[in-house]
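Please open the model in your viewer and keep the sequence panel beside it. The tour below goes from one selection to the next and says what is there at each stop.

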Amino acid sequence: MLITSTQNPKVKTLLALQQKSSKRRAQGLFVVEGQRELQHCIDAGLEIDSVFYCPSLLTSPIQPIQSTYATYEVSAPVYEKIAYRGSTEGIIALVKTPRRQLSDLQLPRNPLIIVLESVEKPGNLGAILRSADAAGADAVIVCDPLTDLYNPNLIRSSIGAIFTVSCVACTSEACIRFLKDNGIQILTAQLQDSLPYYDTPMTQGTAIVMGTESTGLTQQWRQAADAHIRIPMLGRLDSLNVSVSAAILLFEAVRQRKNQKNDVPS
């Protein structure tokens, strides 16, 4: 089917799903742009609803991924209308939203987890997911989220890491209970009453918990923590962007775990 009008009902639906989280929740669908992101999505086992593509913009054929769901060819003007960003290789898909819960997480013996409380900016969450993927983190848990996990900006900034890292949303209360029940230590990133992050062991099952840049973590997380950690600030400012802080702390855990393996006698 060729779509040449921006007034086509399917085009209007796609645009509404891009722009409104209420529409994404109501229809159980979200939008993925770009061949790389879509391939990560498929590899993660998510169910594709439909695909829209513009032949003149495709950088590779879509035949391998078009057999089980509806595909719609669109004209260049229509694609320009529906593309959320500039270079997306001529392909956009509607994907069914997965219903993931804490109980769905499959964790190894000593997991490394990032927990984010009330993170507002999709770009920050996307960047943290990229760092979590790079560090081999086992999960990202978003508590009391102020943005939905399938916001187009989040998917774009994560370059598909939302699909490569196990990610769930829940309340802080449920997350704390889950971590305690599974014997995972809770390390809260905060300035007050804290030790430098490199002086805190992270080789056992560990959840690194971070809050917003403006208000930090709520008291319930501070009280639930097994230890409080901080990144020493040597300049005149007192904080880093939350995504930068997450990357530093994740790779400290990676460093410690690698050193522990190297210290084990053969």
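Begin with the cysteines, and bear in mind throughout that this is a predicted model. Select C143 and C175 and look at their sulfur atoms: the sulfur of C143 has that of C175 as its closest cysteine sulfur, at 3.8 Å, which is too far for a bond, since a disulfide requires two sulfurs within 2.5 Å. Now add C170, which is likewise in no disulfide, its nearest cysteine sulfur being that of C143 at 4.2 Å. The structure as a whole holds zero disulfides. If you switch on a surface, C143 is buried, with a relative accessible area of 0%, and C170 also counts as buried, at 15% relative accessibility.

Next, colour the strands β1 to β5, which make up an open sheet with mixed pairing, in the order β1-β4-β3-β5-β2. Which strands stand at the edges? They are β1 (2-3) and β2 (29-33), and because each has a single partner strand, one side of each is left without a neighbour in the sheet. Zoom in on β1, which pairs with β4 (residues 70-74) in the parallel sense over two bridges, and pick out I3, which stands opposite V74 of β4.

Keep the sheet in view and add two helices. Helix α1 (residues 9-19) lies across β1, β2, β3 (48-53), β4 and β5 (91-96), and runs at about 90° to β2. Helix α3 (residues 35-43), by comparison, lies across β2, β3 and β5, and its direction is at about 25° to that of β5.

For the aromatic residues, select F30, Y150 and F163, which together form one aromatic cluster. With ring centres required to lie within 6.5 Å, the count for the structure comes to four aromatic pairs.

Finish at helix α10 (residues 242-263), whose 22 residues reach 32 Å from the first C-alpha to the last, close to the 32 Å expected at 1.5 Å a residue. Which residues of α10 are buried? They are V242, S243, S245, A246, L249, L250, E252, A253, Q256 and R257. As you look down the helix, it helps to recall that an α-helix has 3.6 residues a turn, so residues three or four places apart point the same way. To see what covers the buried residues of α10, display the elements that include β6 (112-117), α5 (122-134), β9 (185-189), β11 (206-210) and β12 (227-230).

Technical notes:
Residues are numbered from 1 along each chain as its sequence is written. This is a predicted model: local features need pLDDT of at least 70, side-chain atom pairs count only at pLDDT 80 or more; totals for chains, interfaces and linings use all residues. Side-chain values use heavy atoms; hydrogens and water are left out. Rings of Phe, Tyr and Trp (its six-membered ring) pair if their centres lie within 6.5 Å; planes under 30 degrees apart count as stacked, over 60 as edge-to-face and the rest as tilted. Buried means under 20% relative accessible area, exposed over 50%, partly exposed in between (1.4 Å probe, protein chains only). Two strands pair if DSSP finds at least two bridges between them. Helices (H or I, at least four residues) and strands (E, at least two) are DSSP runs, numbered from the N terminus. Contact means heavy atoms within 4.5 Å. Axes are lines fitted to C-alpha atoms, for helices over the stretch in contact, and angles run from 0 to 180 degrees between N-to-C directions. The expected span of a helix is 1.5 Å times one less than its number of residues.
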